[in-house]
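Biologist: I'd like to learn how to read a model like this one, feature by feature. Can we go through it together?

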Amino acid sequence: MAENEDGQEKTEEPTAKRLDDAKKKGQIARSKELNTMAITLIGGMALVAMSGMMGEGLSQIMSSNLSIPRVDMFEPMAMLRRLAASMQDALLMLAPFFVVVVVVAVLSSIALGGMAFSAQALAPKLSKMNPLKGLKRLFSLKGLIELAKAMAKFFLVGGATALVLWLTLDSFIQLSGMDLGSAMSELVNLIGWAFVLISSTLILVAAVDIPFQIWDHKRQMKMTRQEVREEMKETEGRPEVRGRIRQLQREMATRRMMEEVPKADVIVTNPTHYAVALRYNQARMNAPVVVAKGTELVAANIRRVGAENEVPVIESPSLARAIYFHTELGEPIPAGLYLAVAKLLAYVFQLRAYTPGQGRKPVMPDELQIPDELKVPE
């Protein structure tokens, strides 16, 4: 079982943040064997596919450099010009091959772990120069795997090379009897097929290395329980910070709620423990909506703000408790309270329209019926 420097076992799967941080540091699963196999195999196939073009190009370069006009023999700069021209022709001839190799090298390097560039990975690390740690890595499981891969590559590639040379020896000898152009094309073709056959043996090494690299990377990324807890604290914030954030959120919500109290039509109280503020717009609402509610100190503030803005404050303990416990802020009241609230609002609207000295003053309803299922005991 993997352990960290504190001796704790790494038993927990890596979190998304752990994997993301590791990727930023360049710590991702990579397989050098996949990269080597892809470059040699695809490179050999590219040589076979381009053998005709390369053979013709090589033939032209050799012909032009082996047949030198007499005048160029006596001019010191002529040979330099011919060399520069030959190098230019060779680069143009090999450019498609180089493009294929570069593309394969890039794609094979990111095929396993994805693309990741990290300046931290390029920075020198003094810990890698520690001979003790070097010996530890040498005799670790990963070191043994690397040794096994090196031995496997030696025998596979060596055996395949010997076999290819034995099978193609006659073909190489026959090149001496062919004309220059055909010999060059055939030479490139033979070399390309030799690369394909030899690099095909690396498929076995890559097939073993890829699962091992994935497993080893996952093993290294595993975390101890303490690391998981510390990361959760960093990600979600420490308890005291979370508590402070929740307190600020409650204060902001309370301030927003208090801003709605002056717009209420009525405030129903317990009279001291509970307070709910209701608003009803017949043209826009199907039922009265709770715009503010609270207990104790919040209830007192609701009553104070309501009184400052001349919002009627009416004592109805059973109705106040029923609305408070069965209705969330911003929601309409339950259907079972429609009748009781309708009587209350009718009284409020009559009171608002009443002018002293003109008719009889509206009287508060004696009893507001609360359904049994909505009643809340004191």
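Biologist: Let's begin with strand pairing: how many bridges join β1 to strand β4, and do they run parallel or antiparallel?

Modeller: Keep in mind that this is a predicted model. For pairing, look for bridges between two strands; at least two are needed. Here β1 and β4 (residues 313-315) run parallel and are joined by three bridges. One spot to look at is T269, whose bridge partner in β4 is E315.

Biologist: And which way does β1 pair with β2?

Modeller: Antiparallel: β1 (residues 266-269) and β2 share four bridges. The two make a hairpin, with four residues between them. To check the register, find T269 opposite A275 in β2, and V268 opposite V276.

Biologist: What joins β2 to strand β3?

Modeller: Six bridges, with β2 and β3 (residues 289-295) running antiparallel. Across that pairing, L278 faces V290 in β3, and R279 stands opposite V289.

Biologist: So in what order do the strands sit in the sheet?

Modeller: The order is β3-β2-β1-β4, an open sheet of four strands with mixed pairing. β3 and β4 are at the edges with a single partner strand each, so one side of each has no neighbour in the sheet. On average, neighbouring strands are turned by 20° against each other, ignoring direction.

Biologist: Now burial. Why is β2 described as largely enclosed?

Modeller: Count residues under the 20% cut-off for relative accessible area, which is what buried means. In β2 (residues 274-279), five of the six residues are buried, so the strand is largely enclosed by the rest of the structure.

Biologist: Which way do the residues of β1 point?

Modeller: V266 and V268 point one way, while I267 and T269 point the other way. All of these are buried.

Biologist: Next, charges. How many salt bridges does a search of the whole structure find?

Modeller: Seven. The test is a side-chain nitrogen of Lys or Arg within 4 Å of a carboxyl oxygen of Asp or Glu. Take E260: its side chain meets K263 at 3.6 Å, N to O, and E260 also forms a salt bridge with R279, where the closest N and O atoms are 3.2 Å apart. E260 lies in helix α12 (residues 239-260) and R279 in strand β2, so this pair ties together parts 19 residues apart in sequence. Taken together, E260, K263 and R279 are linked in a network of salt bridges.

Biologist: Are those residues buried, exposed or partly exposed, say K263?

Modeller: K263 is partly exposed, at 49% relative accessible area. E260 is partly exposed too, with 24%, and R279 is partly exposed at 24%.

Biologist: Where do R304 and E308 lie?

Modeller: Both are in helix α13 (residues 296-308), four residues apart, or about one turn of the helix. Their side chains meet in a salt bridge of 3.2 Å, N to O. R304 is partly exposed at 42%, whereas E308 is exposed at 54%.

Biologist: Last one: which residues does UniProt list for "transmembrane region"?

Modeller: The unreviewed entry lists residues 34-54, 90-123, 144-167 and 187-212. Compare such a record with the model's geometry. Residues 144-167 are 100% helix, with end C-alpha atoms 34 Å apart. Residues 187-212 are 96% helix, and their end C-alpha atoms lie 38 Å apart. Then look at the surface: L144, L147, M151, F154 and F155 make a nonpolar patch of about 560 Å². M151 sits in helix α8 (residues 141-174) and is partly exposed at 41% relative accessibility.

Terms used:
Residues are numbered from 1 along each chain as its sequence is written. This is a predicted model: local features need pLDDT of at least 70, side-chain atom pairs count only at pLDDT 80 or more; totals for chains, interfaces and linings use all residues. Side-chain values use heavy atoms; hydrogens and water are left out. UniProt positions are given in the numbering used here, feature names are shortened, and annotations may be inferred rather than shown by experiment. Buried means under 20% relative accessible area, exposed over 50%, partly exposed in between (1.4 Å probe, protein chains only). Patches are made of residues with over 30% relative accessible area and no salt bridge: like charges are joined within 9 Å, nonpolar side chains (Val, Leu, Ile, Met, Phe, Trp, Tyr) within 5 Å. Accessible areas come from the Shrake-Rupley method with a 1.4 Å probe; for residues, only the protein chains shown count as cover. Axes are lines fitted to C-alpha atoms, for helices over the stretch in contact, and angles run from 0 to 180 degrees between N-to-C directions.
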